[in-house]
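Trainee: Hey, got a minute to walk me through a structure I've never looked at before?
Mentor: Sure, pull it up and ask away.

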Amino acid sequence: MKRIPGVKTFIEKRSRAYDAAKDPEPMCPICMINYADEPQKFVAELNCSNKHIFHAECLCKWVEKNDICPLCREKIPEQNKWVIII
């Protein structure tokens, strides 16, 4: 059961490649793998206060079971308030 319907599809459609110059975090806080080590995996930015980024795949799995940011524990907004920076 998904706690936030449609977010997974939204993340998949709006995810992007990691950009070391633009993205402050060097590794996904969920799987602990450096973004540069797996360039084929896309990243997604969560619209929490700190704009945390994660592998899009990891974040999709996370939101199926959780409704908070994996790092700051801020509640994930409804789907229409999500922002994925491209």
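**A first look around**

Mentor: Let me start with one residue: Arg 16 counts as buried, because its relative accessibility is 8%. Keep in mind that this is a predicted model.

Trainee: What does the side chain of Arg 16 meet in a salt bridge?
Mentor: The side chain of Asp 23, with 2.6 Å from N to O. Asp 23 counts as buried too, since its relative accessibility is 5%.

Trainee: How many salt bridges are there in the whole structure?
Mentor: A search turns up 5. Another one pairs Lys 75 with Asp 67, at 2.9 Å from N to O.

Trainee: Lys 75 and Asp 67, buried or exposed?
Mentor: Lys 75 is exposed, because its relative accessibility comes to 56%. Asp 67 is partly exposed, as its relative accessible area is 23%. While we're on salt bridges, some of them share partners and tie Glu 38, Lys 41, Glu 57 and Lys 61 into one network.

Trainee: What about Glu 57 and Lys 41, how far apart are they in their salt bridge?
Mentor: Their side chains meet at 4.0 Å, N to O. This pair links distant parts of the chain: Glu 57 is in helix α2, Lys 41 is in the loop between α1 and β1, and 16 residues separate them. Glu 57 is partly exposed, because its relative accessible area is 42%.

Trainee: OK, let's zoom out. How many helices and strands does the protein have?
Mentor: There are 2 helices and 2 strands. Going along the sequence, the pattern reads α-β-β-α.

Trainee: And how much of the protein counts as buried?
Mentor: 36% of its 86 residues. The exposed surface is about 5200 Å², and carbon and sulfur atoms supply 53% of that.

Trainee: Which residues touch the most other members of the largest nonpolar core?
Mentor: Ile 11, Leu 46, Phe 54, Leu 59 and Val 63, out of 17 residues in that core. The elements giving two or more residues to the core are β1 (43-45), β2 (53-55) and α2 (56-65). The largest share, 6 residues, comes from α2.

Trainee: Why would residues like that gather in a core?
Mentor: As a general point, nonpolar side chains in soluble globular proteins tend to be buried together.

Trainee: Let me pick on Phe 54. What is Phe 54 in contact with, leaving aside its neighbours within four places in sequence?
Mentor: Quite a list: Cys 28, Pro 29, Ile 30, Tyr 35, Phe 42, Val 43, Ala 44, Leu 46, Leu 59, Cys 69, Pro 70 and Leu 71.

Trainee: Phe 42 is on that list. Where is the place of Phe 42?
Mentor: In the loop between α1 and β1. Phe 42 is partly exposed, because its relative accessible area is 43%. Not counting residues up to four places away in sequence, Phe 42 touches Ser 15, Arg 16, Ala 17, Phe 54, His 55 and Ala 56.

Trainee: Arg 16 again! What separates the C-alpha atoms of Phe 42 and Arg 16?
Mentor: 5.0 Å in space, although they are 26 residues apart along the chain. Across the protein, if you take contacts between residues at least 6 apart in sequence, 55% join residues at least 24 apart.

Trainee: Switching to cysteines. How many disulfides does the structure hold?
Mentor: The count is 0. Take Cys 58: the nearest cysteine sulfur belongs to Cys 31 and is 3.8 Å away. A disulfide needs the two sulfur atoms within 2.5 Å, so a pair at that distance isn't counted. Likewise, Cys 69 is in no disulfide, and its nearest cysteine sulfur, from Cys 72, is 3.7 Å away.

Trainee: Are those two cysteines, Cys 58 and Cys 69, buried or exposed?
Mentor: Cys 58 counts as buried because its relative accessibility is 10%. Cys 69 is buried as well, since its relative accessibility is 0%.

Trainee: Last one: where does Asp 37 lie?
Mentor: Asp 37 is in the loop between α1 (7-14) and β1. Asp 37 counts as exposed, because its relative accessibility is 56%. From Asp 37 to Met 27 the C-alpha distance is 9.1 Å, and the two are 10 residues apart in sequence.

Terms used. Residues numbered from 1 in each chain as written. Predicted model: local features only at pLDDT ≥ 70, side-chain atom pairs only at ≥ 80, totals over all residues. Heavy atoms only, no water. Core = buried A, V, L, I, M, F, W, Y, C linked by side-chain atoms within 4.5 Å. Buried < 20%, exposed > 50% of the residue type's maximum accessible area, 1.4 Å probe, protein only. Helix = DSSP H or I, 4+ residues; strand = E, 2+ residues; numbered from the N terminus. Contact = heavy atoms within 4.5 Å. Areas by Shrake-Rupley, 256 points an atom, 1.4 Å probe, with all protein chains shown as cover.
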